[in-house]
Number of protein chains: 2
Amino acid sequence: MNKPGQQVISRLRQMILSGDLASGQRLAEIPTAEQLGVSRTPVRIAFRTLEQEGLLTKLSGRGYIVRQVTQAEISGSIEVRGVLEGLAARQAAENSLSNEQKHELLTLLRQGDDLFVKGSIDEQDLALYHDINQRFHQIIIEASLNPAIAEALSRNEHLPFASVSALAFDQNNLAQEYRRFNFAHMQHHAVFDAITNGQGSRAEAIMREHANATHGYAKTFSKMEESGEKMQVLNNVNSAL
Amino acid sequence: MNKPGQQVISRLRQMILSGDLASGQRLAEIPTAEQLGVSRTPVRIAFRTLEQEGLLTKLSGRGYIVRQVTQAEISGSIEVRGVLEGLAARQAAENSLSNEQKHELLTLLRQGDDLFVKGSIDEQDLALYHDINQRFHQIIIEASLNPAIAEALSRNEHLPFASVSALAFDQNNLAQEYRRFNFAHMQHHAVFDAITNGQGSRAEAIMREHANATHGYAKTFSKMEESGEKMQVLNNVNSAL
DNA sequence: TTTTTATTTATTGGATCCAATATAGATGAA
DNA sequence: TTCATCTATATTGGATCCAATAAATAAAAA
């Protein structure tokens, strides 16, 4: 099913998002093609695609570099995510959820409850909650019945910083992360409550606030990148925490 | 300055946005390349670029078609534009405008005032107001100091329906259009007032409402497209009316 | 020593060839 | 007549060649 050309794009995207290709690193067509074992053609297309996704920056005549982002850009991107996911929550409330959607969201909320009754959190819990979180947001975006939201998010979603800010966590401070994730889970409950009660404005406000909760990580991420450190990252996500 | 490859993309984009290539029309690489007088390579890249911009839809094994959009998609896209431009207005208010920005916005508002004291409108006025409007929105987006907003908008902005809905007007009902544009102009005044007074929330609310004013055109556009008609279009714009 | 200019080199962009693939049409059997 | 299968054709995807271009470097003049 997977076409080789798409694989080149995916592989490069993965290498960027995972940090294997550091921010600012230069990429030329010929060495990249040799490294991936393909010709220049698919690499050329991949570079252009990734440039459009905002992962690469073109240097005229000297190939591409992995896009470098400032802390201000990270924060701005989080704000954009906030209004888009807020709109999704509003429209989901206005359209009402299907029974299946309502049921799956309830199941996800219950799984989260089980996680947080323990009073502490480890890396495995984080990975699990990451999946729960991702699915929770995905359902609401789908329930908005507005494909333009997903389209607009898909741009942000691929940005390395957005990805990182959404799923990064400080493994040296699990107690703090427990509080953060627990609070996020309570916000999920509140969003669900607002949506199922048809309170579009309230759902929008809570969801926007929820997305903005990752702002602190923009700062942390920038600092770590300056010092060459890498944040702990679970994998790629498509939604704010 | 213009590279030939970029020209192929621009030309195709223009043909789509102007309606020369009708919605749903099929495009293959070889005929398109011959028609444009280039080889398949730049056309291939252009097709992929335009697909990512949302202008083309890929048919596996049979090339591309000019993307077809439903009325619901148009409305959804207007909502997305609304929250993004609303966010821009809020952040512009929070950051405060530069003196240059404030001055240019005032000049634009005054030009609009001059237009609407006449009490009626013709096509030339519409073209002029279109430019004023576009620049007005552009300045606010710049003043937000949030490049992610422009990035997110640039996706929507290229969609044929978004473009049409933003700048279309009914040339058979100029009296109605006069009222609509006049009201939009008053909203511009209100947005400017809120921004310069540092009222971020108010600026956001007005701007969002302002963007949503184009909703009626989604319906009109869909109807006209069904019947094969083309709406009167000034040229491409990058902002809501 | 500094600045300008010329030359080399690295790198992308376009054209074309060949291979892979999917669709459409034709042919045959039920 | 209808369905399945096979074949032919249209079309994209990848590889490679050549040309254009921009950057880096070397050389020469001020």
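## Close-up views of a predicted protein–DNA model

**View 1. Here we look at where DNA strand C meets the protein.** A polar side-chain atom of A:Arg48 lies 3.5 Å from a phosphate oxygen of DNA strand C. Keep in mind, as you look around, that this is a predicted model. A:Lys58 also points a polar side-chain atom at a phosphate oxygen of the strand, here at 3.0 Å. With A:Glu29, it's a backbone N or O atom that sits 3.2 Å from a phosphate oxygen of DNA strand C.

**View 2. Let's take in everything that surrounds DNA strand C.** How many residues surround the strand? There are 19, and the closest are A:Arg40, A:Lys58, B:Gly5, B:Ser39 and B:Thr41. Sorted by class, this surface has eight charged, six polar and five nonpolar residues. Both chains pitch in: helix 2 (29–36) and helix 3 (40–52) of chain A, plus helix 1 (4–17) and helix 3 (40–52) of chain B, each supply at least two residues. Now flip to the DNA side: of the strand C atoms within 4 Å of the protein, 59% belong to sugar or phosphate, and the rest belong to bases.

**View 3. This one shows where chain A and chain B meet.** Chain A puts 29 residues into the contact, and chain B puts in 29 residues too. The two chains bury about 2,500 Å² between them, with 54% of that on carbon and sulfur atoms. Which three residues supply more of chain A's buried area than any other three? They're A:Gln52, A:Glu151 and A:Arg155, which supply 22% of the area that chain A buries against chain B.

**View 4. Now zoom in on B:Gln52.** You'll find B:Gln52 in helix 3 of chain B. Setting aside residues up to four places away in sequence, B:Gln52 touches A:Thr49, A:Gln52 and A:Glu53 on chain A, along with B:Arg155 on chain B. B:Gln52 and B:Arg155 are 103 residues apart along the chain, yet their C-alpha atoms are separated by 8.6 Å.

**View 5. Next up is the largest nonpolar core.** This core has 72 residues. Those with the most contacts inside the core are A:Leu84, A:Ile140 and A:Ile195, together with B:Leu84, B:Ile140 and B:Ile195. Pick A:Ile140 and see what's around it: leaving out neighbours within four places in sequence, A:Ile140 is in contact with A:Ala88, A:Ala89, A:Ala92, A:Val191, A:Ile195 and A:Met207.

**View 6. Here are two histidines, one from each chain.** Is A:His130, in helix 6 (residues 123–143) of chain A, buried or exposed? Its relative accessible area is 4%, so A:His130 counts as buried. The side chain of A:His130 makes a polar contact with the side chain of A:Asp131, at 3.3 Å. Over in chain B, B:His185 belongs to helix 9 (residues 174–196). B:His185 is buried, because its relative accessible area is 4%, which is under the 20% cut-off. Not counting neighbours within four places in sequence, B:His185 is in contact with B:Leu109, B:Gly112, B:Asp113, B:Phe116 and B:Tyr129.

**View 7. Last stop: a glycine in a loop.** A:Gly54 is in the loop between helix 3 and strand 2 (56–58) of chain A. A:Gly54 has a relative accessible area of 5%, so this glycine is buried. The C-alpha atoms of A:Gly54 and A:Arg67 are separated by 7.1 Å, with the two residues 13 places apart along the chain.

How values were computed:
Residues numbered from 1 in each chain as written. Chains lettered and ligands numbered in written order. Predicted model: local features only at pLDDT ≥ 70, side-chain atom pairs only at ≥ 80, totals over all residues. Heavy atoms only, no water. Near = heavy atom within 4 Å. Polar contact = N/O pair within 3.5 Å; in protein donor to acceptor, adjacent residues only side chain to side chain. Helix = DSSP H or I, 4+ residues; strand = E, 2+ residues; numbered from the N terminus. Nonpolar A, V, L, I, M, F, W, Y, C, P; charged D, E, K, R; others polar. Contact = heavy atoms within 4.5 Å. Core = buried A, V, L, I, M, F, W, Y, C linked by side-chain atoms within 4.5 Å. Buried < 20%, exposed > 50% of the residue type's maximum accessible area, 1.4 Å probe, protein only. Buried area = accessible area lost by both parts, 1.4 Å probe.
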